Amino acid sequence: MILIRSSVLLLAFSACVSQADPLPSPVSRTAYAPIDMDEAILGQLLFYDPILSGNRNIACATCHHPDFATSDGVSLGLGEGGVGLGLERRGDPDNMPTHRIPRNSPALFNLGASEFTVLFHDGRIEVDSTMTSGFRTPLEDDMLGGFASLLSAQTMFPVLSPDEMAGHGGENNVAKAVRQGLITGSNGAWDILSRRVADLPDYAQRFSAVYDHIDTPDDIAFTDISNAIAVFIAHEWRSDTSAFDAYLRDPTVGLPLKAEQGMGLFYGDAGCNVCHSGPFQTDHGFHAMGAPQLGPGKAAAFENNAHDTGRMRVTGDTDDAFAFRTPSLRNVMQTGPWGHAGGHSKIEHFLRDHLDPVAGTARFAQSSTARLDVRLPPLMGNDWREMDDPAARESIVQAAMIRAPRGLDAADIAVLVSFLRTLDDETALNGRLGIPKSVPSGLAVGGVTAD
């Protein structure tokens, strides 16, 4: 393996640990639970069916589409009220979104692997054996039991979000229930969605065939819906057959020269693996990296700002300010834009700013040309409130200053990019079951109406 060293001093990431690890072990089959194919097929239909949205116009797949490597191809998406996919998505004039989704849509690769015990950019859901349900979520003690995995529990949040899938105010019965705080129990939001699904004969038959505890449509619960979707995601986007995986299993297969140089830098002097560790290149931790903040932020309803303090919103600990979860790098070259708010549309620019948060944040100051590269579907509003505010920018920078800037030049970044390309996995990117031709509701597959 060829190792290239930067022409300037490389300083350790004090935010994590200073000791670089060796190459990870190959991904084992035991990292994944066995898959029931009938359950996965049921989950596939539900994933692409808009029946789970309040207004029956958006599906899970709308914002996690295989055409965009299980993301949505934009910095910040348009959920409820949007029409179309990717950068072509627009607000429906008759149902205009109130604002953008506050964070970049995360990719779904390997989320069924057992090591993923915390999810979302801020980690607001995680495995926790002290909770009755087995999971810690924003619902706390009201969280139902019956979710078979953390991934299953995760799927229930978007359907409750007014901006993502539920809808607003009184425009549908799901939105009304969410607004009233009726989530669980009879006539709660989950029950309403479950009854919609149960009322469709195709779904009723499939659920009865897949789950032994379901004898009649009335037995179908939202946990069953979530469990099926989770099994589909786990199967469809399992990613462990990349060129890098082949190399880990048999180093004699080799990698392209520049990719091997990049691997040496990634697992050596650059210290990327300090946070991007393990078989899926993530420590599952939270770190303040100085990524630019754009869009509406995550302010509470009573606040008037566009802050997104990340992990601190979950823990309340000021040491977690502006910290976000370390993403897995599987298929990372295909999942841009990058950053919790999707501020970077070019991976080379992201890596440069990632390594030097002071310079990176300054590049997004008012009147910056860097803003022109951001991928945002048109929507009225001020997307740059935070970056226009010098004090807000400084807060983001100061949180990231626990670590020192790295000194990598353009050649170093180029070989790192070559290595990252070896994490692409065509099997996972193409999907195993693919997009169904139709869904039992008869609605537009993926929430997208054909032209």
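This short talk covers a pocket, a helix beside it and a cavity in a predicted model.

Residues are numbered from 1 along each chain as its sequence is written. Because the model is predicted, local features need pLDDT of at least 70 and side-chain atom pairs count only at pLDDT 80 or more, while totals for chains, interfaces and linings use all residues, and side-chain values use heavy atoms, without hydrogens or water.

Let me start with the second largest pocket, a pocket being an open set of points on a 1 Å grid over the protein atoms alone, with protein on both sides within 12 Å along at least five of seven lines. Its volume, the space filled by probe spheres set on the points, is about 410 Å³. Lining residues have an atom within 4 Å of a point; there are 23 of them here, with A33, I35, G112, S149 and A234 nearest the centre. Two elements, α3 (150-154) and α8 (222-236), each give two or more residues to this lining, helices being DSSP runs of H or I with at least four residues. The largest share, five residues, comes from α8.

Turning to α8 itself, this helix has 15 residues and reaches 21 Å from first C-alpha to last, close to the 21 Å expected at 1.5 Å times one less than its number of residues. All 15 of its 15 residues are buried (under 20% relative accessible area, 1.4 Å probe, protein chains only), so α8 is largely enclosed by the rest of the structure.

Finally, the structure holds two cavities of 30 Å³ or more, a cavity being a set of points where a 1.4 Å probe fits but cannot get out. The second largest encloses about 50 Å³, and its lining includes D72, R89 and P377.

Notes. Buried means under 20% relative accessible area, exposed over 50%, partly exposed in between (1.4 Å probe, protein chains only).
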